[in-house]
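Dear colleague,

I am handing over the structure we spoke about, and below it you will find my notes on what turned up when I went through it. Please read them alongside the coordinates.

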Amino acid sequence: MHNIQLAATQIVQQVLVDGRNLNQVLDESLRRKSVWAPAQRAALQDLSYGTLRFYGQLNAILDLLLHKHMTDNRISYLLLVALYQLQYSRAAQHAVVDHAVRSADILNPKIRGLVNAILRNFLRNQADLLAQAALKPEGRYSHPQWWIDELRAQYGEDVAGGILDAGNGHPPMTLRVNHRRGTTADYLAQLSEQGIAARLIAPDALQLDRAVSVDKLPGFFEGLVSVQDAGAQYAARLLDVHNGMRVLDACAAPGGKAAHILELADVELVALDKDEKRLLRVAENLQRLGLSGTLLTGDAANPAGWWDGKPFERILADVPCSATGVVRRHPDIKWLRRKKDIASFAAQQSEILQSLWALLAQGGLLLYATCSIFKQENQDVIDGFLAKTPEARQVSLPDGQLLPTDQHDGFFYALLQKTA
Ligand SMILES: C[S@@+](CC[C@H](N)C(=O)[O-])C[C@H]1O[C@@H](n2cnc3c(N)ncnc32)[C@H](O)[C@@H]1O
């Protein structure tokens, strides 16, 4: 176990100190550990994700346990990983402590005694320490203080508390059934034959009781289904696409929403993305699902570089955003985002929206989407746009701002129509 602790310590440190993306660092680490068994690989993922998910709380506890400044950062991260295991995993407590001491021996033998003392102190005073850590919002909610303040100002203390707790939960695994290859009822039956329990939660969405790897899903590689959050599945339906329409997905990669649009209607789809590498993932996804569209690399904020001048009847602008609605899938975001990023995303989003508007046909619909829960990136961007665009009308939606729940992540949708 100490190898796994050490690897997780490095991953957590690379995210928190070097500001690196958790998924990427974990992938790199796993590639170097090709001899590890699946259970060890899963444990590394759990330790890295879990420690970052509860970093605010674990760090508050560590502060209470350390009587003076820890001189070796690596040991601090090791202690956070071990505290996560003691608080949240089913690993035997004595084994966690023993292995942490062995890990410390490798990192800095002079501090091994301190590691032992700190972890044993935690076990003796666990309930008290948890209660004390929870007195500070960052320790209670494991989100940065600015983020907590922002949500409280926007939603009030109670709703904000629910959003923050949901952000620390485990996300559901949801599938989107490819209607070109079968119905949700057919696919539910196939899942049931494999002993995979699931239920229908939206027109195309099946939520699994328990996450499984995609190779266990019947027909995944033949394009019967995709993995996609139910909240993300709102987009294609809201866009109200019909056969023969010319549709632009302006920020398309990796192609989840683009594929859904093509599954629902025979449209002429242009899938644009600024990032050429990410656009390859759109190509792979469409190919697996048996769908096709025109893929373009280009900047949505600068159509002169790629647009052929023919208007679109539907545009999806799934703009780059803070991703604050999907933190339970990406807990590193909580610690990598800065307050000032929100304003810079909002400026970028307004620019993209403004540029895309010129490409929309009269009477056409543009769906603006983010996976953010901050209004600066959502309704504020739309209000700013509406104020200077008299021919734009916001169509009212029952669920514009989706907050994270046990059925879906946090998303924002605004549907705009170009009027005469
Ligand atoms: C939220 S993701 C899109 C997710 C995608 N719609 C899906 O459902 O799979 C945002 C995408 O916008 C792309 N992007 C960022 N800025 C862009 C720009 N100025 N023009 C076009 N694409 C951009 C990013 O590369 C990223 O792939």
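The ligand is surrounded by 18 residues, of which Asp273, Arg278, Asp299, Ala300 and Asp318 are the closest; please keep in mind throughout that this is a predicted model. Sorted by class, that shell is made up of eight nonpolar, three polar and seven charged residues.

As for individual polar contacts, a side-chain N or O atom of Asp318 lies 2.7 Å from a nitrogen atom of the ligand, while Lys274 places a backbone N or O atom 3.2 Å from a ligand nitrogen. An oxygen atom of the ligand, in turn, is 3.1 Å from a backbone N or O atom of Gly255. Taken on its own, the ligand has 610 Å² of accessible area, and the protein covers 86% of that.

The other point I looked at concerns the cysteines. A disulfide is a covalent bond between the sulfur atoms of two cysteines, and the structure holds zero of them. Cys251 is in no disulfide, the nearest cysteine sulfur being that of Cys321, 10 Å away; Cys251 is also buried, with a relative accessible area of 13%. Cys371 is likewise in no disulfide, although the sulfur of Cys321, the nearest cysteine sulfur to it, is 3.4 Å away. Why does that pair not count as a disulfide, with 3.4 Å between the sulfur atoms? The cut-off requires the two sulfur atoms to be within 2.5 Å, and the 3.4 Å from Cys371 to Cys321 therefore does not meet it. Cys371 is buried too, with a relative accessible area of 18%.

With best regards

Notes:
Residues numbered from 1 in each chain as written. Predicted model: local features only at pLDDT ≥ 70, side-chain atom pairs only at ≥ 80, totals over all residues. Heavy atoms only, no water. Buried < 20%, exposed > 50% of the residue type's maximum accessible area, 1.4 Å probe, protein only. Near = heavy atom within 4 Å. Polar contact = N/O pair within 3.5 Å; in protein donor to acceptor, adjacent residues only side chain to side chain. Areas by Shrake-Rupley, 256 points an atom, 1.4 Å probe, with all protein chains shown as cover. Nonpolar A, V, L, I, M, F, W, Y, C, P; charged D, E, K, R; others polar.
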